[in-house]
Amino acid sequence: SMIRVRCYDVQGRLVRTLANNEPVASSGTLLWNGLDDTNRRVRIGMYIILFEALDAAGGINRVMKDVVVVATKL
């Protein structure tokens, strides 16, 4: 199995691909440093994380969505 993890802004624009057809491990962590795919810092606000588990043929097996908030230190 493989995974694909992408970050979208609230307008639905893709801002960062964290994993694209990466092999699945039994456990693990993905970190997002708040940069977009061009290495620029994203704006403060909410972002949607889309996690897709893919089967051997590349079809989507499972989809999960969550929201993260990018903020700065006070």
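**Burial, salt bridges and nonpolar clusters**

Asp9 is buried in this predicted model, because its relative accessible area of 8% falls under the limit of 20% that is used for this class. Asp9 is also the partner of Arg13 in a salt bridge, in which the closest N and O atoms are 2.7 Å apart. A search of the whole structure finds 4 salt bridges, and the pair formed by Arg13 and Asp9 is one of them.

A further salt bridge links Arg16 to Asp37, with a distance of 3.6 Å between the closest N and O atoms. Since Arg16 belongs to strand β2 and Asp37 to the loop between β2 and β3, this pair ties together parts of the chain that are 21 residues apart in sequence. The two partners fall into separate classes of exposure: Arg16 counts as buried, with a relative accessibility of 18%, whereas Asp37, at 45%, counts as partly exposed. Salt bridges that share partners also join Arg4, Arg6 and Glu52 into one network. Within this network, the closest N and O atoms of Arg4 and Glu52 are 2.7 Å apart. Because Arg4 lies in strand β1 and Glu52 in strand β3, their salt bridge ties together parts that are 48 residues apart in sequence. Both Arg4 and Glu52 are buried.

These strands are part of a simple series of elements. The secondary structure of the protein chain comes to 4 strands and 0 helices, and from the N terminus on the elements run β-β-β-β. Along its principal axes, the C-alpha trace spans about 45 × 25 × 20 Å. Of the 74 residues in the chain, 30% count as buried. Among contacts between residues at least 6 apart in sequence, 33% join residues that are at least 24 apart.

In soluble globular proteins, nonpolar side chains tend to be buried together. In the present model, the largest nonpolar core has 10 residues, namely Ile3, Val5, Cys7, Val15, Ala19, Trp32, Val42, Tyr47, Ile49 and Val70. Three strands, β1 (2-9), β2 (14-23) and β3 (45-54), each supply at least two residues of this core, and β1 gives the most, with 3 residues. The surroundings of one core member, Val70, can be described in greater detail. When residues up to four places away in sequence are not counted, Val70 touches Trp32, Val42, Arg43, Ile44, Gly45 and Tyr47. Among these contacts, Trp32, Val42 and Tyr47 are themselves members of the core.

Nonpolar residues are also found on the surface, where Val10, Met46, Val67 and Val69 form a patch with about 380 Å² of accessible area together. One of these residues, Val69, has its place in strand β4 (residues 60-70). Val69 is classed as exposed because its relative accessible area of 59% is over the limit of 50% that applies to this class. Strand β4 thus holds Val69, a member of the surface patch. For the protein chain as a whole, the accessible surface comes to about 5700 Å², of which 52% belongs to carbon and sulfur atoms.

Conventions. Residues numbered from 1 in each chain as written. Predicted model: local features only at pLDDT ≥ 70, side-chain atom pairs only at ≥ 80, totals over all residues. Heavy atoms only, no water. Core = buried A, V, L, I, M, F, W, Y, C linked by side-chain atoms within 4.5 Å. Buried < 20%, exposed > 50% of the residue type's maximum accessible area, 1.4 Å probe, protein only. Contact = heavy atoms within 4.5 Å. Patch = residues over 30% accessible without salt bridge, like charges linked within 9 Å, V, L, I, M, F, W, Y side chains within 5 Å. Areas by Shrake-Rupley, 256 points an atom, 1.4 Å probe, with all protein chains shown as cover. Salt bridge = Lys/Arg side-chain N within 4 Å of Asp/Glu carboxyl O.
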